[in-house]
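Trainee: I'm new to this structure and would love a close look at just one part of it. Could you pick a helix and walk me through its surroundings?

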Amino acid sequence: MKTSVVRPMLVLIAALCAGSGAEAAGSAAAGGAQFRARCGICHKAAPDANSIGPTLYGVFGRKAGTAPGYHYSDAMASAGTVWDEASLDAFLKNPNAEVPGTKMSFAGMADAGQRADLVAFLKSLGAGQP
């Protein structure tokens with residue numbers, strides 16, 4: 001093959017292998033399914049909709065233990081965590097290790113891809129809201 005053909009093919013192959021990065025960020029649609037299956041029993045995804053657990057609407061960027069109208073454990077109320085990709089991922093992986101004394105009775109999610117999807121979904125809840 002000529003060099004003029006090989007070089008563009010190598011660039012294309014390298015770009016495809018590198019990926020767009022979107023996969024690492026997770027899929028909000030797949031995360032919605034994770035939310036319904038794993039979280040929806042205790043949490044709602046609507047504003048001012050506390051249930052067994054606090055609403056997760058607007059959780060991204062919110063300080064842990066501060067959803068209005070919900071009574072948190074002392075551990076969560078004093079955690080000081082602001083929920084972002086990294087803190088949500090760590091908490092979802094092992095809630096009791098991240099916030100010892102949390103009253104959330106969830107063992108955690110081992111699968112990093114499922115956590116990334118769920119974090120993408122949580123990030124989409126209330127996006128652009130004050």
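Mentor: Happy to! One definition before we begin: helices here are DSSP runs of at least four residues, labelled H or I, and they are numbered from the N terminus. With that in hand, the chain reads α-α-α-α-α-α-α along its sequence, that is, 7 helices and 0 strands. Please keep in mind that this is a predicted model.

A little background will help before we zoom in. The protein chain has 130 residues, and 32% of them are buried. Its exposed surface comes to about 7,700 Å², with carbon and sulfur atoms supplying 60% of that area. Among contacts with a separation of 6 or more, 43% join residues 24 or more positions apart.

Let's settle on helix α5, which covers residues 85-93. We can start at its N-terminal end, where D84 acts as a cap. A side-chain oxygen of D84 lies 3.2 Å from the backbone nitrogen of A86.

Now look at the side of α5 that is hidden away. S87, L88, F91 and L92 are the buried residues to find here. They cover an arc of only 125° around the axis, which puts them on the same side of α5. What lies over these buried residues? The cover includes α4 (74-77), α6 (95-98) and α7.

S87 deserves a moment of its own. This residue of helix α5 has a relative accessible area of 16%. Buried means under 20%, so S87 counts as buried. Leaving aside residues up to four places away in sequence, S87 touches T81 and V82.

Next, follow the charged side chains. Side chains of opposite charge can pair when their charged atoms come close. A search of the whole structure finds 2 salt bridges. Let's take them in turn.

In one of them, the side chains of E85 and K123 meet, with 2.7 Å from N to O. E85 belongs to helix α5 and K123 to helix α7 (residues 112-124), so this pair ties together parts that are 38 residues apart in sequence. How accessible are the two partners? E85 is partly exposed, at 39% relative accessibility, and K123 is partly exposed too, with a relative accessible area of 39%.

In the other salt bridge, D89 pairs with R115, and their closest N and O atoms are 2.7 Å apart. This pair links distant parts of the chain, with D89 in helix α5 and R115 in helix α7, 26 residues apart. Is each partner buried or exposed, or something in between? D89 is partly exposed, at 26% relative accessibility, whereas R115 is buried, with a relative accessible area of 5%.

So far we have met α7 as a salt-bridge partner of α5 and as part of the cover over the buried residues of α5. Let's finish by following α7 to another neighbour. The whole structure holds 3 aromatic pairs. One of them joins F35 and F121 in a tilted arrangement, 5.2 Å centre to centre and 45° between the planes. F35 lies in helix α3 (residues 28-39) and F121 in helix α7, so the pair ties together parts that are 86 residues apart in sequence. Both F35 and F121 are buried.

To retrace the path on screen, begin with the D84 cap on α5, turn to the buried residues S87, L88, F91 and L92, and then look for E85 with K123 and D89 with R115.

Methods. Residues numbered from 1 in each chain as written. Predicted model: local features only at pLDDT ≥ 70, side-chain atom pairs only at ≥ 80, totals over all residues. Heavy atoms only, no water. Helix = DSSP H or I, 4+ residues; strand = E, 2+ residues; numbered from the N terminus. Buried < 20%, exposed > 50% of the residue type's maximum accessible area, 1.4 Å probe, protein only. Contact = heavy atoms within 4.5 Å. Areas by Shrake-Rupley, 256 points an atom, 1.4 Å probe, with all protein chains shown as cover. Salt bridge = Lys/Arg side-chain N within 4 Å of Asp/Glu carboxyl O. Arc of directions from axis to C-beta. Polar contact = N/O pair within 3.5 Å; in protein donor to acceptor, adjacent residues only side chain to side chain. Phe/Tyr/Trp six-rings, centres within 6.5 Å; stacked < 30°, edge-to-face > 60°.
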